[in-house]
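Student: I would like a close look at the side-chain packing in this model, covering the rings, the nonpolar cores and the charged pairs. Please take them in one connected account.

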Amino acid sequence: MSLIHRILDHQTINSWTCEKMVYPTREGGRILEFIYSSKQFKTKGGLTVGTATTHYYASEEFKIKQEKTKCFTCSPPEVISGGDYKQSTYCHLLLGLYFCDQVEFITSTFAYSIVQAFREFEGVWREICDDIRQGTLGERITSPKMRKAVLAIISPNPSLASRIEESCTALETLNWLGLIAKLWPSAKYVYSIMTGSMQPYSNKLRHYAGGLALVSADYGSTESWIGANVDPHLPPEDVTFAVIPTFSYFEFMPLYRENRDCSSAIDDFIEDEPVPLSKVKVGQEYEIVLTTFTGLYRCRLGDVVEVAGFHRGTPKLNFICRRKLILTINIDKNTEKDLQLVVEKGSQVLTSKGGAELVDFTSHAEVENHQGHYIIYWEIKGEAEDGILSECCNEMDSSFADHGYVVSRKTSSIGPLELCVVKIGTFKKILDYFIGNGSALSQFKTPRCTSNQEILKILNGSTTKRFLSTAYGY
C-alpha cells in the first residue's frame, strides 16, 4: 500500500468512524458519493501520474474502505472514472435514487460538487424517473462502459419512479427546499469540505438538505492531511480541526495584524519565527508550515488559522482564510475571506428585496485603465429589478472594510466597484474550461479572483447587465 493510499485510507476510515458515533448508520447501507476520477497517464519513466483522489478511487484501498465500514458507494468504478463529469453526475443521481431507501449519507470532496449535482438534478429529474421506470438509460449517456455498468445494476421499477416523480413535483413548487431529506429518507447527514472557498455554497446546501445535518469534512491540503473534525455535530461555520501529529511534522508561524498601513502587495501580516505544535497559544493566528514524509521540507501552506483550543493535547484549528491577497490595486488589501463577506452582504439584499438567488461569483481587479477598480461577476437565478441590483452593487462597495480600499475610494484613486450579471450557465462554462485543460471535478474550486484571459473572455462575453457603485457619491 502506497503512502498516499495509507494516509487517505486511514483518514477516511477514522472520519467515517467519528461521524458514525454522532450519526449512527446501518451496516450494509449505501453512500451517494459524487466522486469523479480524472485520467491517469504514464510518464516517460513509466510512473503512473494523476491526482491523489484519482489514485485512491482506482486503488484496492478504496474497495477495502467500503468493506471495513460496511457501507458501499452507489456507483460502480465505470461511473466514477467515466471521464465525462456530466454523464457521471447523471449516473450518480440515477443510481442514488435507485437505491434511495438504502442511502445512509451523501458526500463529495467539496460542497461545490454536491450543489452542482443537485442544480443539474432540477433539470433532469423527469429523465431519471423515466430511466428508473423502464430500467433503461437515455441517449445522454454515450460512454459504452458507463452504460453497460449502470444497466447491469438497474431494472424496471415503476412504483419507485412514480414515488420519486410525485415527490419532485411537490419539491419543484417549493424551489427544491429539503430535496435531500425528501428523496433520501434514510440519509443521516451530508458530508463534505464546507470551509474556506466552499463556504459560499453552504446556504444552498442547507436549503437542499432541509433538516439534515451538514458535517464538515476534515482539514487537508494537496501537500498533506492536517486535522480531523472531532466535533461533527457542529455546523460548518463553527467547526474546528484537531491536528493529527502523525500526518506530517507541523510548525506554526505566528502572524500579527499590526501593519494596516503597509503598502506590501503580499498581505498585511507581521511574521514571527515558527514554533512547534507544542508551543502554540489559544487565540493566536498562525500560518501552517509542514515537512512531509514524501520529501517536502518546511512547506508554507499560505493558510491562516487560529488556535481555538486543544483536544487531548493537540491544537484545534479554526480556518480563517488564505493568506494571499486576491484583490489589490494599490494600497488596498483584500483576501478571499474579505470578498466572501462582501458578496454575502450583497446577496442578502438580492434575496430579501429581489427574490432572486446568487448561484456563483468571482472577481477581477481591473488595472488596465488609469483608475483601477474591482469587478464582481454574479450569476443569479431568478429575476431582479435593476434598482435592486444597483443596490446590491452599492452594498458590496461600501462593505469592504479594508482601510486602504476605503481611503482609495474616498480619494478616487480606485474607481467605483462594478457588478456584472452573467447569463445562467456561465460558471458551468468556466468549469468546462478547467476540465478541458486537465482539471478533475473532484478537485475543482471556482476561482474567487481571476486574471486568466480565457476566463475573463467567458465572463465578459456572457455579461448581460453592468452596474457601477454610487456608494461613495459617484
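Tutor: What follows goes through the nonpolar cores, then the rings, then the charged pairs.

The model is a predicted one. Its largest nonpolar core has 67 residues, and those with the most contacts inside it are Phe118, Phe121, Leu179, Ile180 and Trp184. Helix 6 (residues 111-134) gives the largest share of this core, twelve residues. Trp184 shows how the packing is built up from remote positions. Apart from neighbours within four places in sequence, Trp184 is in contact with Leu32, Gly96, Leu97, Cys100, Val103, Ile106, Phe118 and Leu179. There is also a second, separate core of 27 residues, which includes Leu350, Ile380, Leu389 and Phe400. In soluble globular proteins, nonpolar side chains tend to be buried together.

Next come the rings. A pair of aromatic rings is described by the distance of the centres and the angle of the planes. The structure holds 15 aromatic pairs. One of them joins Tyr98 and Phe99, which are edge-to-face, with 5.2 Å from centre to centre and 85° between the planes. Both Tyr98 and Phe99 are buried. Another pair is made by Tyr374 and Tyr405; their centres are 4.8 Å apart and their planes lie at 25°, so this pair is stacked, given that planes under 30 degrees apart count as stacked. Tyr374 belongs to strand 18 (residues 373-381) and Tyr405 to helix 13 (residues 403-410), so that the pair links distant parts of the chain, 31 residues apart. Tyr374 and Tyr405 are both buried. Ring pairs also link Phe34, Phe118, Trp184 and Tyr208 into a cluster. Phe118 and Trp184 in that cluster are also among the residues with the most contacts inside the largest core.

Two of these rings have a charged side chain over them. The charged end of Arg30 sits over the ring of Phe99, at 3.9 Å from its centre. Over the face of Tyr208 lies Lys204, 4.8 Å from the ring centre.

Lys204 leads on to the charged pairs. Side chains of opposite charge can pair when their charged atoms come close. The structure holds 22 salt bridges. In one of them, Asp231 pairs with Lys316, and the closest N and O atoms are 2.9 Å apart. Asp231 is in the loop between strand 9 (225-228) and strand 10 (241-243), while Lys316 is in strand 16 (residues 314-322), so the bridge ties together parts that are 85 residues apart in sequence. Asp231 is buried, at a relative accessible area of 18%, and Lys316 is buried as well, at 17%.

Arg300 and Glu287 form a salt bridge too, with 3.2 Å between the closest N and O atoms. Here strand 15 (residues 299-311) holds Arg300 and strand 14 (residues 285-291) holds Glu287, so parts 13 residues apart in sequence are tied together. Arg300 counts as partly exposed, at 43% relative accessibility, whereas Glu287 is buried, with a relative accessible area of 3%.

Helix 13 returns in the bridge of Arg409 with Asp397, whose closest N and O atoms are 2.7 Å apart. Arg409 lies in helix 13 and Asp397 in helix 12 (residues 386-399), so the pair ties together parts twelve residues apart in sequence. Arg409 is buried, with a relative accessible area of 0%, and Asp397 is buried with a value of 0%. Finally, salt bridges that share partners join Arg119, Lys204 and Glu357 into one network. Lys204 of this network is the residue that lies over the face of Tyr208.

How values were computed: Residues numbered from 1 in each chain as written. Predicted model: local features only at pLDDT ≥ 70, side-chain atom pairs only at ≥ 80, totals over all residues. Heavy atoms only, no water. Phe/Tyr/Trp six-rings, centres within 6.5 Å; stacked < 30°, edge-to-face > 60°. Buried < 20%, exposed > 50% of the residue type's maximum accessible area, 1.4 Å probe, protein only. Helix = DSSP H or I, 4+ residues; strand = E, 2+ residues; numbered from the N terminus. Lys NZ or Arg CZ within 6 Å of the ring centre and 35° of its normal. Core = buried A, V, L, I, M, F, W, Y, C linked by side-chain atoms within 4.5 Å. Contact = heavy atoms within 4.5 Å. Salt bridge = Lys/Arg side-chain N within 4 Å of Asp/Glu carboxyl O.
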